Structures are given as structure tokens and as C-alpha cells.
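Biologist: Could you take me through one part of this model at close range, and then show me what surrounds it? I would enjoy a connected walk rather than a list.

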Amino acid sequence: KDSPMTPEDVASWYDDEDEEESEGIYLSISSKFVVAGGYGKQVVRQIPFMDFTCLPSEGNLNAVKDSLKESGENKGIILLSGKSYHYYGLRSLSNSEWTHWMENWLRNRWLIPIADRRFIERSLEDGYNFLRLTSGLSKPDIPVVVDVI
């Protein structure tokens, strides 16, 4: 009941799915979650997630880590997602802090070209994002932790 996605939102994902496409559905974690606030209010928080587009290598992993530190991240995990890297921050942000963090990545694309522009733009459009936890037909690798900040 506390999900940012309504049952109708989830159902719409499957409306036009055929059997072949349904094999491309993955279990993901959402950046957006709800916590109890004072006086019975619910507070929306966000986890800083980032998707990268560079090929896996020691140099690119160091570049990912450096770019995350430059973005203000000082506690999180970097995962090898198959063809590149994912980042899961270990802190929560208010919606406005999360939006500011994502917008900074977009503004600094010329400095940090390894961040996935489409992921950032879609995240800002939706107001949250998802990162995959499982493997599947088109993405056979399960994301695994390769470094920490």
C-alpha cells in the first residue's frame, strides 16, 4: 500500500506484453520509498541510484568511483551490472535533494560522460528510478558488488 506505484501502474506494464517480451521483465528496486513522519504523516525519500555506460575495466571503475565522490557520495556500493556499472547510495534524500543530485549529473555530462544520460533524463521525468536486481534473457548477468565508497 505504501508503494509509489499504483496497482494500475504495474498492470499497465503487462498490458501489451506477449510471451517473448515477458521474459524481459526483471526484479528491480525503486529509489523512491515512503517512511512514517511525525503526526502520522508519510514522508517520501529517495535513494541515490546511478547507471553508467562505460565498459567494465579497472580504469573505468576508478572513474565511476571518482565521479560519485565528486557528486557528493561518500557511502554506497558499486555493482558490475554486466556491460557497465550501477550505483546504490547508502543514504536517503528528500525529493528535492534527489532531484538536485540527478540534475547535477545531467548538467555535468560533459565532465562525467560515463553516467547514462537516458537514465538520468527518464529518472527526472518520472521523479524516481529503478535499478535491476536480477538477470534475464536480454541481461544475463546478475549485478554483483565490485567496490564500495
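Modeller: Happy to, and let us begin with a helix. In α3, the buried residues are L61, V64, K65, S67 and L68. Viewed down the axis of α3, these buried residues fall within an arc of 165 degrees, so they line one face of the helix. An α-helix has 3.6 residues a turn, so residues three or four places apart point the same way. The face of α3 turned away from the buried side carries E58 and E70, which are exposed. Please keep in mind that this is a predicted model.

The length of α3 can be checked too. With 13 residues at 1.5 Å a residue, α3 should span 18 Å, and the C-alpha atoms at its ends are indeed 18 Å apart, so the two values agree. After α3 comes G72, which has a positive phi near 105 degrees.

What do the buried residues of α3 pack against? Their partners are β5, β6, α4 and β9. Let us take the strands among these partners next.

An open sheet of four strands runs in the order β4-β6-β5-β9, with antiparallel pairing. At its edges are β4 and β9 (144–148), each of which pairs on one side only. On average, neighbouring strands of this sheet are turned by 25 degrees against each other, direction ignored.

Strand β6, residues 85–89, deserves a slower look. Five of its five residues are buried. In a regular strand the side chains alternate between the two faces of the sheet. For β6, Y85, Y87 and G89 lie on one side and H86 and Y88 on the other, and they are all buried, so both faces are covered.

Who are the neighbours of β6 in the sheet? Strand β5 (residues 76–80) pairs with β6 in the antiparallel sense over five bridges. Within that pairing, I78 has Y87 as its bridge partner, and L80 stands opposite Y85. The hairpin of β5 and β6 has four residues between the strands, and G82 there takes a positive phi near 125 degrees. Strand β4 (residues 49–51) also pairs with β6 in the antiparallel sense, over three bridges. There, F49 stands opposite Y88.

Now for the nonpolar interior. The largest nonpolar core has 24 residues, of which M50, F52, V64 and W105 touch the most other members. V64 brings us back to the helix we started from, as one of the buried residues of α3. Two or more residues of this core come from each of β4, α3 (58–70), β5, β6, α4 (95–107) and α5 (117–126). The largest share, four residues, comes from α4.

Which residues does W105 touch beyond its neighbours within four places in sequence? They are M50, F52, S67, L68, S71, I112, A115 and I120. Among these contacts, S67 and L68 are buried residues of α3, while I120 is a buried residue of α5.

That leads us to α5 itself. F119, I120 and S123 are buried there. These three cover an arc of only 95 degrees around the axis, which puts them on the same side of α5. The face turned away from them carries R118, R122 and E125, which are exposed. The buried residues of α5 pack against β4, α4 and β8 (130–132).

In the loop between α4 and α5 sits P113. Is P113 buried, exposed or partly exposed? With a relative accessibility of 47%, P113 counts as partly exposed, because the buried class ends under 20% and the exposed class starts over 50%. P113 and T53 are 60 residues apart along the chain, yet their C-alpha atoms are separated by 8.3 Å.

One more sheet rounds off the tour. It is an open sheet of three strands in the order β2-β3-β7, with antiparallel pairing. β2 (32–36) and β7 (93–94) stand at its edges with a single partner strand each, so one side of each has no neighbour in the sheet. Strand β3 (residues 42–46) pairs with β7 in the antiparallel sense over two bridges, and Q46 stands opposite L93 there.

Key: Residues are numbered from 1 along each chain as its sequence is written. This is a predicted model: local features need pLDDT of at least 70, side-chain atom pairs count only at pLDDT 80 or more; totals for chains, interfaces and linings use all residues. Side-chain values use heavy atoms; hydrogens and water are left out. Buried means under 20% relative accessible area, exposed over 50%, partly exposed in between (1.4 Å probe, protein chains only). Two strands pair if DSSP finds at least two bridges between them. A nonpolar core is a set of buried Ala, Val, Leu, Ile, Met, Phe, Trp, Tyr and Cys residues joined through side-chain atoms within 4.5 Å. Contact means heavy atoms within 4.5 Å. Axes are lines fitted to C-alpha atoms, for helices over the stretch in contact, and angles run from 0 to 180 degrees between N-to-C directions. The expected span of a helix is 1.5 Å times one less than its number of residues. The arc is that of the directions from the helix axis to the C-beta atoms.
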